[in-house]
Amino acid sequence: MSLFGTLFSKFKQGLQRTQELVLAPMGRLLGLRRLDEDQLEELEELLLQADLGVHGVARLMERLRFELKKSAEIDPKAVLKDELLKILRTVPPRPFTAQGTQVLLLVGVNGVGKTTTLGKLAAHLKARGEAVLVVAGDTFRAAAIDQLELWGQRAGVPVIRNQMGGDPAAIAYDGAASALAKGIPWVLIDTAGRLHTKDHLMRELDKIRRSLQKVIPEAPHRVVLVLDATTGQNGLLQAEAFKQSAGVTDLILTKLDGSAKGGVAVPILERLKLPIAFVGVGEQLDDLIPFDPEAFVDGLLDV
Ligand code: GDP
């Protein structure tokens, strides 16, 4: 299967719940060549339920109405695809290419799938033949450190840790220094996700940043915010807070497979104006896929 074919089927599988619960009734409407006002309203409602966002849906409906005025017959699916792709392509992707040693901080609140994602990302990079060092920077939760170590074993990459309660900035420094000395291209640092102590958390991230910069002045090269798709647009406020205070550069959207709100990728990207680097579509090591707008839209509308 081609790379696009593989991505498409992964997205389709990941978006299954969204399709079953929300988008399946849309199939009938998308098969029509003309839509009356009632049918347009029905379609609008379904798009909103898939969590495509008020703004995005308004844009889609406007385009459909425009096309309906212009032509006697339209292909609603093709029109939606085209407009969705335009929205998704407004934020250019930042390819994950290794240049020297790249330090990546993973941030996000507890439970979003940060640890799991870090393991999957390590496996993804390793599968590309690039060495990875994982740093257990969430020193507050002993369980998180153990879990990360387990993911490191599964992915076959080393994990460095200090004892629980240790200084995350110190272990981050050690990780960056060790990777630089050994020529390891990727350092993935897990961070704490205690939202209720936000100021403390942000101070901790600042401290990690400063100590990384003593080793590599440009570090961290990426700050990746992990978001849980099942929370839909509720996660957006949280994401905006992180974007501002943690200097987020990329997003990873997890649990797309468990969500009926798979469309949320659209308002997330629109509002945050940050690229979605990967999406999580399951709990296995290979359930992290690069976000490909075309495969995503095809998977979403393949009803
Ligand atoms: P953390 O607290 O943010 O580090 O979250 P964890 O990595 O411990 O994940 C929380 C739960 O979400 C675990 O049960 C994971 O297996 C699950 N999880 C993480 N990513 C995905 C995903 O893409 N799909 C599904 N279905 N579950 C996920």
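Which residue stands opposite Ile252 in S7? It is Phe278, and I would like to use that pair as the way into this structure. Before that, a word on what we are looking at: this is a predicted model, in which local features need pLDDT of at least 70 and side-chain atom pairs count only at pLDDT 80 or more, while totals for chains, interfaces and linings use all residues. Residues are numbered from 1 along each chain as its sequence is written, and side-chain values use heavy atoms, with hydrogens and water left out.

Let me begin with the sheet. When I say strand or helix, I mean a DSSP run, numbered from the N terminus, with E over at least two residues for a strand and H or I over at least four for a helix. The sheet is open, has 8 strands in the order S3-S2-S4-S1-S5-S6-S7-S8, and shows mixed pairing, where two strands pair if DSSP finds at least two bridges between them. Strand S3 (159-160) and strand S8 (288-290) stand at the edges with a single partner strand each, so one side of each has no neighbour in the sheet.

At the S8 end, S7 and S8 run antiparallel and are joined by 3 bridges, with Val279 standing opposite Ile289 of S8. Helix H1 (residues 3-14) packs on the sheet here, touching S7 and S8, and its direction makes about 130° with that of S8; contact means heavy atoms within 4.5 Å, and angles run from 0 to 180 degrees between N-to-C directions, with axes fitted to C-alpha atoms, for helices over the stretch in contact.

Now to S6, the strand of our opening pair. Of the 5 residues of S6 (residues 250-254), 5 are buried, so the strand is largely enclosed by the rest of the structure; buried means under 20% relative accessible area, exposed over 50%, and partly exposed in between, with a 1.4 Å probe and protein chains only. Both faces are covered, with Asp250, Ile252 and Thr254 on one side and Leu251 and Leu253 on the other. S5 (residues 222-228) runs parallel to S6 and is joined to it by 5 bridges, and Leu225 has Leu251 as its bridge partner in S6. The chain crosses from S5 through H11 to S6 in a right-handed β-α-β crossover, a term that applies if, with the strands pointing away from the viewer, the path from the first strand over the helix to the second runs clockwise. On the other pairing, 3 bridges join S6 to S7 (residues 276-280), again in parallel, and S6, H12 and S7 make a right-handed β-α-β unit.

Where does Thr254 lie? It lies in strand S6, and it is buried, with a relative accessible area of 4%. Leaving aside neighbours within four places in sequence, Thr254 is in contact with residues including Val112, Thr117, Asp228 and Gly280.

The helices of these two units also meet. The axes of H11 (residues 235-246) and H12 (residues 265-272) come within 11 Å and cross at roughly 35°. The contact is made by Leu236, Ala239, Glu240 and Lys243 of H11, together with Pro267, Ile268, Arg271 and Leu272 of H12.

Turning to S4 (residues 186-190), 5 of its 5 residues are buried, so S4 too is largely enclosed by the rest of the structure. Trp186, Leu188 and Asp190 point one way, and Val187 and Ile189 point the other way. S1 (residues 102-107) runs parallel to S4 and is joined to it by 5 bridges, with Leu104 opposite Leu188. S2 (residues 132-135) is likewise parallel to S4, through 4 bridges, and Val134 has Leu188 as its bridge partner.

Finally, some backbone details. Most residues other than glycine have a negative phi, and most peptide bonds are trans. The bond from Ala219 to Pro220 is cis, with omega near -10°, and Pro220 lies in the loop between helix H10 (198-215) and S5. Asp51, which is not a glycine, has a positive phi of about 70°; this residue lies in the loop between H4 (37-49) and H5 (54-70), and is buried at a relative accessible area of 10%. Lys273 also has a positive phi, of about 55°, and lies in the loop between H12 and S7. Is Lys273 buried or exposed? At 58% relative accessibility, Lys273 counts as exposed.
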